[in-house]
Amino acid sequence: GEVLKNLNKFYKRKEIQRLGAENGLDARLFHQAFISFRKYIMESSSVSADLHIILNDICCGFALLGHVDDLFPFFLRHAKQIFPMLDCMDDLRKISDLRLPPNWYPDARAIQRKIIFHAGPTNSGKTYHAIQRFLSAKSGIYCGPLKLLAHEIFQKSNDANVPCDLVTGEERVFANEDARQAPHVACTIEMCSTNTPYEVAVIDEIQMIRDPARGWAWTRALLGLCAEEIHVCGEPAAIDLVTELMYTTGEEVEVRNYERLTPLTVLDYALESLDNLRPGDCIVCFSKNDIYSVSRQIEARGLECAVIYGSLPPGTKLEQAKKFNDPDDPCKILVATDAIGMGLNLCIRRIIFNSIVKPTVNEKGEKEIDSITTSQALQIAGRAGRFGSSFKQGEVTAMHREDLVQLREILSDAVPPVKAAGLHPTPEQIEMFAYHLPDATLSNLIDIFVSLSQVDGMYFVCNIDDFKFLADMIQHIPLNLRSRYVFCTAPLNRKEPFVCTTLLKFARQFSRNEPLTFDWLCRHTKWPLAAPKNIKELVHLEAVHDVFDLYLWLSYRFVDMFPDAVLVRDIQKKLDDIIQIGVCNITKLIRASQSAAAPGTAEAVSEDFPLSRTQKDARAVSDRHGAASPEALSIAVEAAGLRRAKNSRPSRLGSRQEDVKSYGRGSLANRLLREGLLTQEMLRQLESEWQDQHRNGRHGFGSKRDDQHSSKETRKKRK
């Protein structure tokens, strides 16, 4: 007990904490090192003789011979054993010093660049003016956030007889038949070259420099592109940060402001019912489940609708956009996620927000569900009434009356200024770390790098959760550091198990020096594949398309090991056509999925998206009262009944009861049934109680006493 008391006294000493910090132990490392040191002393049978003597002197109260501070050299020796980087901390700090990013790009610093910021809202012509300058230049590079945008500029440029190449992570298309490099190139921003000189560079959607995951790519382009003129396009909120960043490079920023070209009106009434839809309407959802639900309800009314969401292949998105835009096509309604915010030209009269909450990932990589930001709302709403389309003005509203007030506030708020630009450790920096810490895993190297990195107030280190996830996943596979780093930067959705297991198989075969052939890939994906018969199969086809993307991405980095890119691109185009068939028949797939009631269909994708309002209410109460409490189920059933009643014109009790019955078999109920939290008997009882209450004109789930009785009954049944 005396030893433990003195060890804790040692830990709390401010002087000891200061000494620890001087030797590279921040508060977190100091705590971890102390826990390990304490365990070593308390549990080890072989404490060194000199440490044993010091401890004995301290515990026996020999003040002249021993003081708790005398433990520090032993503590530091132990800390260096568990944290080897402490021995080379000065070197590591120099490597991870990110305070002067402009100095990483000597070619750009060697020339005086002219920076022009085209600032304005969506549909203001800002990018158009920048592209006109790009087309008139002798050479140029366009950097955009999406493959679709890069492809659009590639197409526009070549149509204007300005030879332009296309470069994305998965694709290289040369304008010249002999594969000679054209003077112009359109690329996704991560793929831009900072070594090639150009007359003009265009950086689109500059406000994404603040993006927690991808912001580093905009910072790299802005600081590193070797062009005489840099045309930056985006929200006015980024002007101050860009100006400050350019001040550190000694370059001035010329700002050109643009106003929206067509009026945009926020309506003073909500849609409230799908019966009120008009041609040119677009319903924006932030959940695949809502996409499925809304599109089915629209088609049940005898209307055709196009569907666009993020995980669809680019070709399918373009086809759906074309279908919606075609004045001769009977499809006049679009149901989409915020994927329409960029990269697609759409003829939309009115944007209708089905919800105003969506999931986001913050700087720490934590998932949050919150109201959409002003920037996001304006980006989406701005798609209505596009200049040059058949609708000369745009309108925006919400599906539900209670959302409209908040939506109006969000749209009227000023967009907060962009405060900082993202940074990411380079392969060279990680290699230097690995030289000093040869036994550390790649995931640990990244952790140590981020914890030691120093940035000034204009920058932040992007979250590297996806990188670390892949690093841990392939850690057991023997790869050299550079190859391992490349595999970990592969663009994939880690929530797709099939894509993740495929990357694992790619890495394993790569480590054995066995090329990944077309035949191998066909066997693995079971190609050829048939058109999907339900939503689960459609989701799987989207994952297979991502696997083909992954193969193509790796084929440009390891040409010899992924040799069949041409063949894979051919079957990917065929797969795109198959997915298009599925999306065109999406309501049939939904019906098939719901009748089969198979796990992993529409509900399987819902973890990426926020719960519906009803489900959130039930989840919140369920969390307070324990799993599937009667109160939670009450709210789920009652809210659904009220919502449906509100959205249907006849409000007779009979139709409301039918709504409750049909909802009772819906996604929340199915999930509770599958998880064993609800039985069919309990579900029938809930429906019966709901009907009894409304016959009696009551609006709760009975009195408090009834609730307690119901809880007891439910617990008995669950047991």
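**Exercise 1. Trp527 and its surroundings**

Is Trp527 buried or exposed? Place the residue in the chain, list what it touches, and describe the peptide bond that follows it.

*Solution.* The model is a predicted one.
- Step 1: Trp527 has a relative accessible area of 17%. The cut-off for buried is under 20%, so Trp527 counts as buried.
- Step 2: Trp527 sits in the loop between helix H21 (518-525) and H22.
- Step 3: Leaving aside residues up to four places away in sequence, Trp527 is in contact with Cys522, Phe548, Ile571, Lys574, Leu575 and Ile578.
- Step 4: Val544 is 17 residues from Trp527 along the chain, and their C-alpha atoms are 9.4 Å apart.
- Step 5: The bond between Trp527 and Pro528 is a cis peptide, with omega at about 0 degrees. Pro528, too, belongs to the loop between H21 and H22.

**Exercise 2. The faces of helix H24**

Which residues of helix H24 (residues 586-596) are buried, and what covers them?

*Solution.*
- Step 1: Ile586, Thr587, Leu589, Ile590 and Ser593 are the buried residues of H24.
- Step 2: Viewed along the axis of H24, these residues fall within an arc of 155 degrees, so they line one face of the helix.
- Step 3: The general background is that an α-helix has 3.6 residues a turn, so residues three or four places apart point the same way.
- Step 4: The face turned away from the buried side carries Lys588, Ser595 and Ala596, which are exposed.
- Step 5: The cover over the buried residues of H24 includes helix H12 (288-300), E11, helix H22 (535-555) and helix H23 (565-584).

**Exercise 3. The six-stranded sheet**

What is the strand order of the open sheet of six strands, and which strands stand at its edges?

*Solution.*
- Step 1: The order is E9-E16-E13-E10-E12-E11, and the pairing is parallel.
- Step 2: Strand E9 (264-266) and strand E11 (305-308) each have a single partner strand, so each has one side without a neighbour in the sheet.
- Step 3: Ignoring direction, neighbouring strands are turned by 20 degrees against each other on average.
- Step 4: E9 runs parallel to strand E16 (residues 394-398), to which three bridges join it. Val266 has Val396 in E16 as its bridge partner.
- Step 5: Helix H14 (residues 374-381) lies across E9, strand E10 (281-284), strand E13 (350-353) and E16, at about 140 degrees to E13.

**Exercise 4. The eight-stranded sheet**

What is the strand order of the open sheet of eight strands, and which helix packs on the sheet, touching E2, E3, E4 and E5?

*Solution.*
- Step 1: The strands follow the order E4-E3-E5-E2-E6-E7-E1-E8, with mixed pairing.
- Step 2: Strand E4 (172-173) and strand E8 (253-257) are the edge strands, each pairing on one side only.
- Step 3: Five bridges link strand E2 (residues 140-144) with strand E5 (residues 184-188) in the parallel sense. Within this pair, Cys143 is bridged to Cys187 in E5.
- Step 4: The helix is H9 (residues 147-159), which touches E2, strand E3 (164-167), E4 and E5. The direction of H9 makes about 165 degrees with that of E3.
- Step 5: Helix H11 (residues 239-249) lies across strand E1 (114-119) and E8, and runs at about 165 degrees to E8.

**Exercise 5. Cysteines**

How many disulfides does a search of the whole structure find? Examine Cys305 and Cys331.

*Solution.*
- Step 1: The search finds zero disulfides.
- Step 2: The cysteine sulfur nearest to that of Cys305 belongs to Cys331, 6.6 Å away. A disulfide needs sulfur atoms within 2.5 Å, and Cys305 is in none.
- Step 3: For Cys331, the nearest cysteine sulfur is that of Cys305, and Cys331 is likewise in no disulfide.
- Step 4: Cys305 is buried at 7% relative accessible area, and Cys331 is buried at 0%.

**Exercise 6. Positive phi and whole-chain totals**

Where does Asn513 lie, and how many helices and strands does the protein chain have?

*Solution.*
- Step 1: Asn513 lies in the loop between helix H20 (497-511) and H21. Its phi is near 60 degrees, a positive value in a residue other than glycine.
- Step 2: With 58% relative accessibility, Asn513 counts as exposed.
- Step 3: Glu272, in the loop between E9 and E10, also has a positive phi, near 70 degrees.
- Step 4: The protein chain has 30 helices and 18 strands. Of its 719 residues, 51% count as buried.
- Step 5: Among contacts between residues at least 6 apart in sequence, 73% join residues at least 24 apart.

Technical notes. Residues numbered from 1 in each chain as written. Predicted model: local features only at pLDDT ≥ 70, side-chain atom pairs only at ≥ 80, totals over all residues. Heavy atoms only, no water. Pairing = 2+ DSSP bridges. Helix = DSSP H or I, 4+ residues; strand = E, 2+ residues; numbered from the N terminus. Axes fitted to C-alpha atoms, helices over the stretch in contact; angles between N-to-C directions. Contact = heavy atoms within 4.5 Å. Buried < 20%, exposed > 50% of the residue type's maximum accessible area, 1.4 Å probe, protein only. Arc of directions from axis to C-beta.
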